[in-house]
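User: I'd like to learn how to read the features of a model like this one. Can you take me through it step by step?

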Amino acid sequence: MMLAVRKWAILIHRWMGVGFCVLFCSWFVSGMVLMYCPYPEIDGAERLERVGVIEPGEILVDPQAAFGATRSTGLPSQIRLNLLDGRPVYRFTFGRRSAIVRADTGEPVGNVSQEVALRIAASWTGLPAAAGSLDGLIETDDQWTLETSVLQYGPFWKFAWPNGEEVYVSQRSGEVMQATTRGSRIGAYFGAIPHWLFFTPLRSRSGLWSQVVIWLSGAGTMLSILGLVIGIWVYSPSKSFRFPGGASSLPYVGPKRWHVILGLFFGVITCTWVFSGLMSMGPFAWVEDQNQPNLGKVLRGNLLDIQAFHGKTPGAAIVQASASLQVKELELATVGDEGFYLATGDAGKSVMVPMAGNPRAAFTAEQILEIVKRGVAPAQIAESRLVKEYDAYYLDRHNRLPLPVLYVQLDDAAKSAYYIDPRTAQVVESYGVRSRRGRWLYHGLHSFDLPWLYANRPSWDIVVLLLMSGGTALSVTSLILAFRVIRRKFRPKRRSLPRTVNAL
């Protein structure tokens, strides 16, 4: 009975390996590339570095008048003031809808023209506009605009320069939403795209893409478990297998023997790595938090009351903030019931300008905790502390997440914990009981972001590259074996010729 089970297990593993060997090899190799060549994207800090400084004297329209020009009946969820083609504009967000109003004339701004978009793109690259060429108005799916955070701002004016730079300017907002170079595209083609199965025809159908990744990762996990079980099953500590060269613990020679050896060493890593890739898709409810207090809404509110910004004009706020930084964006926000301006410059530097008084670098812990205490009742604050260094649940290999942050944990059923940036009163990370579990099953197993390893480079690089190289070698042996199986299965059989007897 056991021999029959083992025979079927080996047969299933063999044919699953034939089907998955190329995918596994691609996942490991592209994973190593992805460590150093991320998928092209623009974050807020990079966008601010490439735009101009707001001149306070050019802001001639107050927020109330600009809001009136939008002719919206509902309140906005966000208001930003920055530059559009060198002129200050208010940017209002109403859920999925947005509106732009010039801060110098009060006129609404419609779709951005090709000519304006070209100037914006040229300013982004620092290259002459005359050298840029239009690749068209991108209204369909494009390889570099598939991310939801980018796609929602389409259609895009796409421009290209001879040095390989390509820039996507939103026709609706006039902001650069994506920019790639020849090098970043090549890195993505060998890294993120094959690793995430981010192929345009598939990724553009988000539901199908999600199911494909989940099912392939799930099947890959089962294949890895089955291979590990078979490797342990056939291994003989007493070296009961006899070959011309002597006794052996394994019943195989050649590539099959190396496949088993590598599987015994790197099988667990392969299994956990593929499984953690599955976890990145969030297929299980038991790693998703439910009924957590929305602390972001408690701190910053949901909709902005324009009346909260009567006390000080944006121009006056910029003048005050200019003593600390060159203001490139001014966000109108509320903390609790108090309106304030968040002035941001290069390198993520910011100051908070209240309606009354002088600019402040940050809110105090007491101010934030008082708002939290009122907003989460009947839950109470179980713990609060200032976090000055990255920890097990708040870490960033690129050091982009802000520090210090205020850690707040509640006594609710989910044991909800939040990391709050005192400079902006925004929640930058949060966890509950379930998502803590998911953090280790995904990031811990997939990225090896263990605090004692993740923060120490090149130790992290060496460990991860060694493990992934082992997985790659295991995948290469499976490629060789798959080729042999296919060749043996489909090779034409030789026709045997009838024997003839010579007449005497």
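User: Let's start with a hairpin. In the hairpin of β15 and β16, which residue takes a positive phi?

Analyst: Keep in mind that this is a predicted model. The residue is lysine 415, with a positive phi near 50 degrees, and the hairpin has six residues between its strands.

User: How do I read the pairing of those two strands, and how many bridges are there?

Analyst: The general idea is that strands of a sheet pair through backbone hydrogen bonds, either parallel or antiparallel. Here β15 pairs with strand β16 (residues 417-421) in the antiparallel sense, over four bridges. To find your way in, look at glutamine 409, which stands opposite alanine 417 in β16.

User: And what about strand β14 and β15: how do they run?

Analyst: They run antiparallel, with six bridges joining β14 (residues 381-387) to β15. For a landmark, take isoleucine 381: its bridge partner in β15 is leucine 410.

User: Is β15 enclosed or open to the outside?

Analyst: Count the buried residues, where buried means under 20% relative accessible area. In β15 (residues 405-410), six of the six residues are buried, so the strand is largely enclosed by the rest of the structure. Then check the two faces: Val405, Tyr407 and Gln409 are buried on one side, and Leu406, Val408 and Leu410 are buried on the other. That leaves both faces of β15 covered.

User: Let's move to the open sheet. What is the order of its strands?

Analyst: Read it as β4-β3-β2-β1-β11-β12-β13, seven strands with antiparallel pairing. The edges are β4 (108-109) and β13 (350-354), since each of these pairs on one side only.

User: Which residues does leucine 81 stand opposite?

Analyst: A good one to follow across the sheet. Leucine 81 stands opposite leucine 330 in β11, and opposite tyrosine 90 in β2. Those contacts belong to two pairings: β1 (residues 78-84) and β11 (residues 329-335) are joined by three bridges and run antiparallel, while β1 and β2 are antiparallel with seven bridges.

User: What should I look for in the turns next to β2?

Analyst: Look at the phi angles. The hairpin of β1 and β2 has two residues between the strands, and aspartate 85 in that turn has a positive phi of about 55 degrees. The hairpin of β2 and β3 also has two residues in between, with glycine 95 in the turn at a positive phi of about 65 degrees. β2 and β3 (residues 97-102) are joined by six bridges and run antiparallel, and phenylalanine 92 has alanine 99 as its bridge partner in β3.

User: How many residues of β2 are buried?

Analyst: Six of its eight, so to put it in words, strand β2 (residues 87-94) is mostly covered.

User: On to charges. How many salt bridges does a search of the whole structure find?

Analyst: It finds 18. When you read one, check the distance and then the setting of both partners. Take lysine 328 and aspartate 346, whose side chains meet at 2.8 Å, N to O. This pair links distant parts of the chain, 18 residues apart: lysine 328 is in the loop between α12 (314-321) and β11, and aspartate 346 is in the loop between β12 (338-344) and β13. Lysine 328 is buried, at 6% relative accessible area, whereas aspartate 346 is partly exposed at 33%.

User: Which residues are joined into one network by salt bridges that share partners?

Analyst: Asp135, Asp142, Lys158, Glu166 and Arg185. Within it, lysine 158 and glutamate 166 form a salt bridge with their closest N and O atoms 3.5 Å apart, and both of these residues are buried.

User: Last topic, the surface. Which residues form the positive patch?

Analyst: Arg14, Lys256, Arg484, Arg487, Arg488 and Arg491. Helix α16 (residues 459-490) gives the largest share, three residues. Arginine 491 lies in the segment after α16 and is exposed, with a relative accessible area of 51%.

User: And which residues make the nonpolar patch?

Analyst: Trp8, Leu11, Ile12 and Trp15, covering about 410 Å². Tryptophan 15 is in helix α1 (residues 2-34) and counts as partly exposed at 36% relative accessibility.

Terms used:
Residues numbered from 1 in each chain as written. Predicted model: local features only at pLDDT ≥ 70, side-chain atom pairs only at ≥ 80, totals over all residues. Heavy atoms only, no water. Patch = residues over 30% accessible without salt bridge, like charges linked within 9 Å, V, L, I, M, F, W, Y side chains within 5 Å. Areas by Shrake-Rupley, 256 points an atom, 1.4 Å probe, with all protein chains shown as cover. Salt bridge = Lys/Arg side-chain N within 4 Å of Asp/Glu carboxyl O. Lys, Arg positive; Asp, Glu negative; His and termini not counted. Charge placed at Lys NZ, Arg CZ, Asp CG, Glu CD. Buried < 20%, exposed > 50% of the residue type's maximum accessible area, 1.4 Å probe, protein only. Pairing = 2+ DSSP bridges.
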